[in-house]
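The exercises below are meant to be worked with the sequence and the model side by side. Try each task before reading the solution that follows.

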Amino acid sequence: KPIKEIINADFLAWVLRSPEFQKKLQRNETGATVRGIRMAIFKNLPISFPPIDEQKTIIQKFESLFEVVNQIENTYQQAVDSHDELKQSILQEAFTGKLAGGITYE
């Protein structure tokens, strides 16, 4: 468990999931079949972190960025859904011969 006065738990979670830290873990993995790392090795891996106030600021920025990303994803998904609905509507019109300017065969 992180010491609250020294490291923010959310910040630590970001550090542990970071590509750089994951590379450190991979270099220290043990076992050929089952990937794992001994706690003694894990405890000795260096973790750099800024002062607690800066960690909190960084986490707030991450959260803000992820809110923007989620908004973009939602907007994109809405556009995809609208596109699919429009495509289905046009296809339905085409198959029923209701498209304006189309050629009607009798």
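**Exercise 1: The chain as a whole**

Of the 106 residues in the chain, 13% are buried, where buried means under 20% relative accessible area, exposed means over 50%, and partly exposed lies in between (1.4 Å probe, protein chains only). This is a predicted model, in which local features need pLDDT of at least 70, side-chain atom pairs count only at pLDDT 80 or more, and totals for chains, interfaces and linings use all residues. Residues are numbered from 1 along each chain as its sequence is written, and side-chain values use heavy atoms, with hydrogens and water left out.

Task: state how many helices and strands the chain has.

Solution: Helices (H or I, at least four residues) and strands (E, at least two) are taken as DSSP runs, numbered from the N terminus. On that basis the chain has four helices and zero strands, and its pattern along the sequence reads α-α-α-α.

**Exercise 2: The two sides of α1**

Task: find which residues of α1 are buried, and explain why they lie on the same side of the helix.

Solution: The buried residues in α1 include F11, L12 and V15. They cover an arc of only 100° around the axis, and therefore sit on the same side of α1; the arc is that of the directions from the helix axis to the C-beta atoms. Next, look at the partners: the buried residues of α1 pack against α2 (19-27) and α4. Finally, turn to the face pointing away from the buried side of α1, where the exposed residues A9 and R17 are found.

**Exercise 3: N8, ahead of α1**

Task: decide whether N8 is buried or exposed, and list what it touches beyond its neighbours within four places in sequence.

Solution: N8 belongs to the segment before α1 (9-17). Because its relative accessible area is 16%, N8 is buried. With neighbours within four places in sequence set aside, N8 is in contact (heavy atoms within 4.5 Å) with I52, Q55, K56 and I59. At the start of α1, moreover, a side-chain oxygen of N8 comes to within 2.8 Å of the backbone nitrogen of D10.

**Exercise 4: F49 in its loop**

Task: locate F49 and say why it counts as partly exposed.

Solution: F49 is found in the loop that runs between α3 (39-44) and α4 (52-95). Its relative accessibility is 36%, so F49 counts as partly exposed.

Conventions: Polar contact = N/O pair within 3.5 Å; in protein donor to acceptor, adjacent residues only side chain to side chain.
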